[in-house]
Amino acid sequence: MGHTSLEKIISLQRNPANIRNLCILAHVDHGKTTLADCLVASNGIISSRLAGKLRYLDSREDEQIRGITMKSSAISLHYSHGNEYLLNLIDSPGHVDFSSEVSTAVRLCDGAVVVVDAVEGVCPQTQVVLRQAWLENIRPVLVINKIDRLVVELKLTSQEAYTHLKKILEQVNAVTGTLFTSKVLEERAGKEEEEEKEGEKSSGDQVYDWSAGLEEVDDSHLYFSPDQGNVVFASAIDGWGFSIQHFAHIYSERMGIKKEVLLKTLWGDFYLSMKAKRIMKGAQAKGKKPLFVQLVLDNIWSLYDAVVIRRDKEKVEKVVTSLGVKVMARDSRHSDPKVLLSAICSQWLPVSQAVLSMVCEKLPSPLEMAAERVEKLMSVGARRFDSLPEQTQHLKTAFLQCSSEENAPVIVFVSKMFAVDAKASPHDKLSVTRGQSMSLQVSRVKLPFPCSLWKQCENI
Ligand SMILES: Nc1nc2c(ncn2[C@@H]2O[C@H](COP(=O)(O)OP(=O)(O)OP(=O)(O)O)[C@@H](O)[C@H]2O)c(=O)[nH]1
Ligand SMILES: [Mg+2]
């Protein structure tokens, strides 16, 4: 896709239903900025050859030197997925020292892409960011990144990799499960306390049932599962990524199996019975290859084997022809096989397409923001929403409507303020008392907002 003009971005802002405000969250080094590079490259802002190498959103000199993100950075992207979408993306740091940058980023967004390294799995900051997303009530989707490491470094077979990926999903879902359980138990404890206060219960004959309330609430939508469309498997450095929707679409055409059936069976304990010409359950018990291994991972593994491990030119040519991708002569002649690999993969399974379509489909638009969250965002510190001046309280309706009408109020949400020495600040910055100046770091403009406005706020 070519570079999107400012006019286009401005016109996209007028349709809040097609806006997604999202941040990328993860433990340090799990590949957030590399993934962001691929997304930025899809808009033609950087070349796809440089994606992953440039780390475009690590725009500070110290970030480039240290190879680590220290400040959150924002960018607006355009994506066509049936409709046209405007994606306001924040890349956050993963190091614990910069965790305040994550809290401020989360507050500005309606959804998050949580990245997990396929080798490292769930790490301490992964748990922290999942908790932050939960507490801020923003919806997460998952990207399991660095799957290339399973092939090249750990040298797992496709079957072993499948078992490994299943474990990672279980780990992530265990964190969500814990958050959900504690919320239900907290709510129940609150209710009991109220009832006790009202004297409806005598404390003597109370039996404590720890699981009460848990069964009644449907929590299935909270978990990550490839068949729910909220998981992408990726290698950002090699430019590829996919959700099972992609393969369900391909194989439904090729094998004549209904897409809905494939969507339910491509992930899980299912296998293809050649005899019965049907998809059957019980792959593990019968010692069969699960569909995910047979139809998805085996293809990726054989590509890595041909291009990176054995460098088998003939096989590469066959694969390139069967995938219908075009490879430039300079890429196939390159001494580093990874160049050829990314040239093939980025056309076959472009990671930006997998992630951005998941974002458009699964993350909410600003219009879906719950009224309680608006009240929470509008209440500063311990101050309650109903104690705010009446006029301020009225802004809640405008906040929820995200109207871009001429007469609608513009609401700027200041997510972070910090004091800097007056000497270090130019004269035109906002000055406050005692030789200090105030900097607004990132702000949420709760109208469909342009990132240029974020930038303006940063420069105040
Ligand atoms: N093998 C492999 N390496 C990757 C992949 N994605 C990123 N990396 C490498 O992982 C390292 C960290 O990548 P970053 O994108 O800077 O990670 P980050 O999550 O943004 O790190 P912080 O912002 O500092 O927390 C770099 O050396 C990347 O080249 C991948 O898919 N596969
Ligand atoms: Mg980073």
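User: Is N137 buried, partly exposed or exposed?

Analyst: In this predicted model, N137 is found in the loop between α5 and β5 (139–145). A residue is buried with 20 or more other C-beta atoms within 10 Å of its own and exposed with 12 or fewer. Because N137 has 13 other C-beta atoms within 10 Å, the class that applies to N137 is partly exposed.

User: What is the phi of N137, which is not a glycine?

Analyst: Most residues other than glycine have a negative phi. N137 is not a glycine, although its phi is positive, and the value is about 60 degrees.

User: In which loop is K155 found, and is K155 buried or exposed?

Analyst: K155 is a residue other than glycine with a positive phi, near 55 degrees. The loop in which K155 is found is the one between α6 and α7 (158–197). A residue with 12 or fewer other C-beta atoms within 10 Å is exposed, and because K155 has 9 C-beta neighbours inside 10 Å, K155 counts as exposed.

User: How far apart in space are R49 and S346, C-alpha to C-alpha?

Analyst: R49 has its place in the loop between α2 and α3 (61–66), and with 15 other C-beta atoms within 10 Å R49 is partly exposed. Along the sequence, R49 and S346 are 297 residues apart, whereas in space their C-alpha atoms are separated by 9.8 Å.

User: Among contacts between residues at least 6 apart in sequence, what share joins residues at least 24 apart?

Analyst: The question concerns the whole protein, which has 17 helices and 14 strands and 460 residues, of which 36% count as buried. When the contacts between residues at least 6 apart in sequence are taken, the share that joins residues at least 24 apart is 67%.

User: In what order do the seven strands of the open sheet stand?

Analyst: The pairing in this open sheet is mixed. One parallel pair is β1 with β3, joined over six bridges, while β2 and β3 pair in the antiparallel sense over nine bridges. Taken across the sheet, the order is β2-β3-β1-β4-β5-β6-β7.

User: Which strands stand at the edges of this sheet?

Analyst: A strand at the edge has a single partner strand, so one side of that strand is left without a neighbour in the sheet. Neighbouring strands of this sheet are turned by 25 degrees against each other on average, direction ignored. The two strands that stand at the edges are β2 (73–81) and β7 (240–242).

User: Why is β2 described as largely enclosed by the rest of the structure, and which residue of β3 stands opposite A74?

Analyst: β2 is largely enclosed because seven of its nine residues are buried. In the hairpin of β2 and β3 there is one residue between the strands, and G82 takes a positive phi near 80 degrees. Across the pair of strands, the residue of β3 that stands opposite A74 is I90.

User: Which residues of β6 are buried on each of its faces?

Analyst: Strand β6 (residues 231–235) is mostly covered, with five of its five residues buried. Both faces of the strand are therefore covered, and the buried residues are V231, F233 and S235 on one side, and V232 and A234 on the other.

User: Which residue of β7 stands opposite S235?

Analyst: β6 is joined to β5 by three bridges in a parallel run, where I144 stands opposite F233. With β7, by contrast, β6 pairs in the antiparallel sense over three bridges. In that second pair, the residue that stands opposite S235 is W240.

User: Against which elements do the buried residues of α4 pack?

Analyst: The buried residues of helix α4 (residues 99–107) are E101, V102, T104, A105 and V106. The elements against which they pack are β1 (19–26), β3 (83–91), β4 (111–117) and α5 (124–135).

User: Which element gives the largest share of the shell around ligand 1?

Analyst: The shell around ligand 1 holds 21 residues, the closest being G31, T33, T34, T69 and G94. The elements that give two or more residues to this shell are α2 (32–41) and α6 (148–152). By class, the shell divides into six nonpolar, nine polar and six charged residues. The largest share, three residues, comes from α2.

Notes:
Residues are numbered from 1 along each chain as its sequence is written. Chains are lettered from A and ligands numbered from 1 in the order in which they are written. This is a predicted model: local features need pLDDT of at least 70, side-chain atom pairs count only at pLDDT 80 or more; totals for chains, interfaces and linings use all residues. A residue is near a molecule or strand if its C-beta atom, placed from the backbone, lies within 6 Å of it. Helices (H or I, at least four residues) and strands (E, at least two) are DSSP runs, numbered from the N terminus. Ala, Val, Leu, Ile, Met, Phe, Trp, Tyr, Cys and Pro count as nonpolar, Asp, Glu, Lys and Arg as charged, and the others, Gly among them, as polar. Two residues are in contact if their C-beta atoms, placed from the backbone, lie within 7 Å. Two strands pair if DSSP finds at least two bridges between them. Axes are lines fitted to C-alpha atoms, for helices over the stretch in contact, and angles run from 0 to 180 degrees between N-to-C directions.
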